[in-house]
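Reader: I have a model open and want to learn how to read it. Can we go feature by feature?
Author: Yes. Here it is.

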Amino acid sequence: MKAIFINGSPRKNKNTAQMLESAMRGAQEAGAEVEMIHLYGLNYKGCMSCFLCKRKGNTANGLCGFKDELQPVLEKVVNADVLVVGSPVYDSFPTGMTRAFIERLVFPAVNYNDYSTPLIRKPLQCATIYTMNAPENLMQPLHYDIILGESNRVLGIFGSRPEMLCSHETYQFNDYSKYETAVDEPTRARIRETRFPQDLQKAYDLGKRLVERAKACSCKE
């Protein structure tokens, strides 16, 4: 079992990365070989509309053919058994780097002749993890359930129903006094001490569950 964890945050050791690391420990505990990839350390763009993946007779087999620093990452993902994509929420959306990654991963796998049959046949257990300033009770009023859920919908092309885990009201700064913000820092600090550890446990359970599910699917093949 191979499990790939994608950090779509510019920070390598803050909330999103910590959630991914916890999920990674769960996956490793379940017996998977794990790897974390930080998107902000790579030089790449979104889909270049080259359509190499759609040319007749191409041998890409559902893999993006545009050569840059993301292409080897995409190859690792399509050969993995588990994929977990993590991102903070910026202006109601996953980061641009995260969106570009998903674009480059999913579009080549779309079969123009039969949308119901992806070009990549190997099932991939997927999940997304989002960290955000917004409280949970604003998910629907802000349409986050729809906006963030769209990434899960397209990742579903790989043969499973992706899970989504959100961590709300995250602690953003080491010193809130330096920033203009309406956030009540003492309240947010209490959330960090009490709720965030629970979110980390949920992430651990998620990583473990995805690997166990991938193993079960493998046994049926």
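Author: Keep in mind that this is a predicted model. Start with one residue, Glu-169. Its place is in the loop between strand 6 (163-167) and helix 6 (185-194).

Reader: Is Glu-169 buried or exposed?

Author: Read the relative accessible area against the cut-off. Buried means under 20%. Glu-169 has 18%, so it counts as buried.

Reader: Which residues does Glu-169 touch?

Author: Leave out residues up to four places away in sequence. Then Glu-169 touches Met-132, Asn-133, Ala-134, Pro-135, Arg-188, Ile-191 and Arg-195.

Reader: Now backbone angles. What sign of phi should I expect?

Author: Most residues other than glycine have a negative phi. Ser-49 has a positive phi of about 55°, although it is not a glycine. Phe-51 has a positive phi as well, of about 60°, and is not a glycine either.

Reader: Where do Ser-49 and Phe-51 sit?

Author: Ser-49 lies in the loop between strand 2 and helix 2. Phe-51 is also placed in the loop between strand 2 and helix 2.

Reader: How accessible are Ser-49 and Phe-51?

Author: The class between buried and exposed runs from 20% to 50%. Ser-49 is at 48% relative accessibility, so it counts as partly exposed. Phe-51 has a relative accessible area of 34%, so it is partly exposed.

Reader: On to strands. In what sense do strand 1 and strand 2 pair?

Author: Strand 1 (residues 2-7) and strand 2 (residues 33-38) pair in the parallel sense, over six bridges. Take one residue to fix the register: Ile-4 has Glu-35 in strand 2 as its bridge partner. Between the two strands the chain passes through helix 1 (residues 15-29), and this β-α-β crossover is right-handed.

Reader: Which residues of the largest nonpolar core touch the most other members?

Author: Look for the hubs. This core has 30 residues, and Ile-6, Val-77, Leu-83, Phe-101, Leu-105, Val-106 and Phe-158 touch the most other members. At least two residues each come from strand 1, helix 2 (71-78), strand 3 (82-90), helix 3 (96-106) and helix 5 (149-155). Helix 3 gives the largest share, six residues.

Reader: Pick one hub. What does Leu-105 touch?

Author: Again skip residues up to four places away in sequence. Leu-105 touches Leu-74, Val-77, Val-78, Leu-83, Leu-155 and Phe-158. Apart from this core lies another, of 21 residues, among them Met-19, Ala-127, Leu-165 and Ala-203.

Key:
Residues are numbered from 1 along each chain as its sequence is written. This is a predicted model: local features need pLDDT of at least 70, side-chain atom pairs count only at pLDDT 80 or more; totals for chains, interfaces and linings use all residues. Side-chain values use heavy atoms; hydrogens and water are left out. Two strands pair if DSSP finds at least two bridges between them. Helices (H or I, at least four residues) and strands (E, at least two) are DSSP runs, numbered from the N terminus. A crossover is right-handed if, with the strands pointing away from the viewer, the path from the first strand over the helix to the second runs clockwise. A nonpolar core is a set of buried Ala, Val, Leu, Ile, Met, Phe, Trp, Tyr and Cys residues joined through side-chain atoms within 4.5 Å. Buried means under 20% relative accessible area, exposed over 50%, partly exposed in between (1.4 Å probe, protein chains only). Contact means heavy atoms within 4.5 Å.
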